[in-house]
Amino acid sequence: MNIALTRVDSRLVHGQIVESWIPFTRATTIVVANDAVARDAWRASIMKACVPSEVTVQVVRVDELASAQKAGRSETQSAIVLFATIQDALTAYESGALFNQLNLGNVHEHPGSRQVSPTVYLNDDDVSALRRLERAGVSIEIRAVSRDKPLPASSFLR
Amino acid sequence: MVGVVVFTHGELSKALVDTAAFILGPLERTISLGFAPSESEERIMERLQSAIRAVDDGEGVLVLVDMFGGTPSNLSLRLLEDRKLEVLTGVNLPMLLKIGSGREQRLSELASAVREVGISNIRLASDFLKGR
């Protein structure tokens, strides 16, 4: 599976993904790595219905992402991987999921968080998770939609 | 009477409801609901649920959202299972004018009628001229 974008987005599949990132990356698959959606067939079916018909949506548990990537059908398949939280991204990475960039799209207010961009709020746990990913070689940016100018990690991971 | 919640990205819903009121006068049992890009889903969901409760007199609620697949649609669809609710996507001004000019029908009939008005009011003007 060829990864076009790996993103943290509290809203998972929504307007910005459908209207900006799918056309920009020309992704043919969306992989939603989220435990709550993996347990909720109704939410999963809503997500499947709201992408263009040529795009498939695969919903996996966070700890299943690594094996789903290995089983990915072909190299020509281009995928967007979505996590709801930074902690989920770290969990997936540490259980073997492969990605070398991580886009932060929407990380809304949560306990202990402070605002670092119009749509991204980080708490201390998030910052240390991002630093671990960065040390492992993952390049991190904040960018809500594809046309935005990316905000590099150096500007918010002090 | 069926309640109506117009739920969109940003300020669009407020502008639509205000504009419909400008043409027809205030719409009964109708609430507009928007959200900011930075707002968490939990908070938006709470506001959606309280808007639905506020307009529901037991006849059910029609939720009009801007775009299938967007956050307003995603959140509203999650409520379909446990409420007397219809969700209609692609809201436009003619749909609100239809709602404002009479709402005697039951929820499912109203939802279908409003959908038809929304679709039939999308016209390509040059097609119209060709048919003359």
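Colleague: Why is B:T71 called buried?

Modeller: The relative accessible area of B:T71 is 1%. Buried means under 20% relative accessible area, exposed over 50% and partly exposed in between, with a 1.4 Å probe and protein chains only. The value of 1% falls under that limit, so B:T71 counts as buried. The model is a predicted one, in which local features need pLDDT of at least 70 and side-chain atom pairs count only at pLDDT 80 or more, while totals for chains, interfaces and linings use all residues. Residues are numbered from 1 along each chain as its sequence is written, chains are lettered from A and ligands numbered from 1 in the order in which they are written, and side-chain values use heavy atoms, with hydrogens and water left out.

Colleague: Which residues does B:T71 touch, and where is its place in chain B?

Modeller: B:T71 belongs to helix α3 (residues 71–78) of chain B; helices (H or I, at least four residues) and strands (E, at least two) are DSSP runs, numbered from the N terminus. Leaving aside residues up to four places away in sequence, B:T71 is in contact (heavy atoms within 4.5 Å) with A:R11, A:H14, A:G15, B:H9, B:F35 and B:I44.

Colleague: What makes α3(B) largely enclosed by the rest of the structure?

Modeller: Seven of its eight residues are buried, so α3(B) is described in that way. The buried residues are B:T71, B:P72, B:S73, B:N74, B:L75, B:S76 and B:L77. They pack against α1 and α3 (41–49) of chain A, together with β1 (3–7), α2 (41–55), β3 (61–65) and β4 (85–88) of chain B.

Colleague: How many residues does the contact take from each chain, and what area do chain B and chain A bury between them?

Modeller: Chain B contributes 19 residues and chain A contributes 17 residues. The buried area, which is the accessible area (1.4 Å probe) that two parts lose on being put together, summed over both, is about 1,400 Å², with 55% of it on carbon and sulfur atoms. B:S38, B:E41 and B:R78 supply 30% of the area that chain B buries against chain A, more than any other three residues.

Colleague: What makes the pair of A:W21 and A:F24 edge-to-face?

Modeller: Rings of Phe, Tyr and Trp (its six-membered ring) pair if their centres lie within 6.5 Å; planes under 30 degrees apart count as stacked, over 60 as edge-to-face and the rest as tilted. By this rule there are four aromatic pairs over all chains. For A:W21 and A:F24, the centres are 5.8 Å apart and the planes stand at 85°; the distance is within the limit and the angle is over 60, so the pair is edge-to-face. Both residues lie in helix α1 (residues 15–25) of chain A, three residues apart, about one turn of the helix.

Colleague: Why is the pair of A:F83 and A:F99 called tilted?

Modeller: The centres are 5.9 Å apart and the planes 55° apart; that angle is neither under 30 nor over 60 degrees, so the pair is tilted. A:F83 lies in strand β4 (residues 78–83) of chain A and A:F99 in the loop between α5 and β5 (101–106) of chain A, so the pair ties together parts that are 16 residues apart in sequence. A:F83 is buried at a relative accessible area of 0%, and A:F99 is buried at 8%. A:F83, A:Y93 and A:F99 form one aromatic cluster.

Colleague: How do you know that A:A92 counts as buried?

Modeller: Its relative accessibility is 0%, so A:A92 meets the condition for buried. A:A92 lies in helix α5 of chain A and touches A:V62, A:L65, A:F83 and A:A97, not counting residues up to four places away in sequence.

Colleague: What makes β1(A) and β5(A) a pair of strands?

Modeller: Two strands pair if DSSP finds at least two bridges between them. β1(A) and β5(A) have three bridges, in the parallel sense, so the condition is met. A:D9 stands opposite A:N106 in β5(A). An open sheet of seven strands has the order β3-β2-β4-β1-β5-β8-β9 (chain A), with mixed pairing. Its edge strands are β3 (56–60) and β9 (151–152) of chain A, each pairing on one side only.
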